Amino acid sequence: MWSRLVRPAVISSSVWRSLFTMRLKTNEFQCLFTDGLNGIAELFEKHQHELRIAGGAVRDLLAGKRPEDVDFATTATPEEMKCMFQAAGIRMINNKGEKHGTITARVRFRAH
């Protein structure tokens with residue numbers, strides 16, 4: 001499932017001449033894939049939306065650190081995310097970012 005959701009973007013070489021892809025196989029990266037995070041990924045896949053790890057979590061992983069939280073970029077709109085989360089019983093918190101397209105869902109984030 002994650003192999004389809006977390007894949008490198010294909011960008012024309014004429015646009016990004018120095019672009020390269022790193023494959024993360026660290027313990028910090030593997031620790032992200034909790035039941036809660038996998039449940040979120042399955043929910044987005046079920047509704048046919050892309051989901052990619054973004055923001056500070058990427059920075060932390062590249063620095064060899066375990067992220068405290070995980071942000072995603074998605075093709076789902078804020079309204080679609082709210083509907084999906086409500087239907088799945090996923091708690092949403094802090095609606096201050098909604099006007100900027102940010103929906104905050106709260107799931108368990110425990111390492112295996």
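In the predicted model, residue D60 lies in helix α4, which spans residues 56–62. Its relative accessibility is 13%, so D60 counts as buried. Apart from residues up to four places away in sequence, D60 touches K65, P67 and E68.

The helix that holds D60 belongs to a protein with 5 helices and 4 strands. From the start of the sequence to its end, these elements follow the pattern α-α-α-β-α-β-α-β-β. The protein comprises 112 residues, 28% of which count as buried. Among contacts with a separation of 6 or more, 59% are accounted for by residues 24 or more positions apart.

Confidence varies along the chain. The average pLDDT of the protein is 79, and 75% of the residues score at least 70. Among the elements, helix α5 (residues 78–88) has the highest mean pLDDT, 93, whereas helix α1 (residues 2–5) has the lowest, 52. Over residues 8–13 the pLDDT is below 50, and this stretch makes 5 contacts in the model beyond near neighbours in sequence. Where pLDDT is low, predicted coordinates should not be read in detail.

Strand β1 covers residues 51–54, and its side chains alternate between two faces. L51 and I53 point to one face and are buried, while R52 and A54 point to the other face and are not buried. The partner of β1 is strand β2 (residues 71–74); the two strands pair in the antiparallel sense over 4 bridges. Within this pairing, L51 of β1 stands opposite T74 in β2. L51 thus combines a buried side chain with a position facing T74 across the strand pair.

The loop between α3 and β1 contains Q48. The phi angle of Q48 is near 60°, a positive value in a residue other than glycine. Q48 has a relative accessible area of 73% and is therefore exposed.

A second loop residue, E98, is found between β3 (91–93) and β4. Its relative accessibility of 26% lies between the cut-offs of 20% for buried and 50% for exposed, so E98 counts as partly exposed. When neighbours within four places in sequence are left aside, E98 is in contact with K82 and I103. Of these partners, K82 is 16 residues from E98 in sequence, and the C-alpha atoms of the two residues are 9.9 Å apart in space.

I103, the other contact partner of E98, is also among the residues that line the second largest pocket. This pocket holds about 630 Å³ of space. Its lining is formed by 22 residues, of which V70, D71, I103, T104 and A105 lie nearest the centre. The elements that give two or more residues to this lining are α3 (35–46), β2, α5 and β4 (104–106). Strand β2 therefore appears both in the pairing with β1 and in the lining of the second largest pocket. By class, the lining consists of 14 nonpolar, 4 polar and 4 charged residues.

Note on methods:
Residues numbered from 1 in each chain as written. Predicted model: local features only at pLDDT ≥ 70, side-chain atom pairs only at ≥ 80, totals over all residues. Heavy atoms only, no water. pLDDT = per-residue confidence, 0-100. Contact = heavy atoms within 4.5 Å. Buried < 20%, exposed > 50% of the residue type's maximum accessible area, 1.4 Å probe, protein only. 1 Å grid on protein atoms, 1.4 Å probe; cavity = no way out; pocket = protein on both sides within 12 Å on 5 of 7 lines; lining within 4 Å. Points joined across faces, edges and corners; volume = space filled by probe spheres on them. Nonpolar A, V, L, I, M, F, W, Y, C, P; charged D, E, K, R; others polar.
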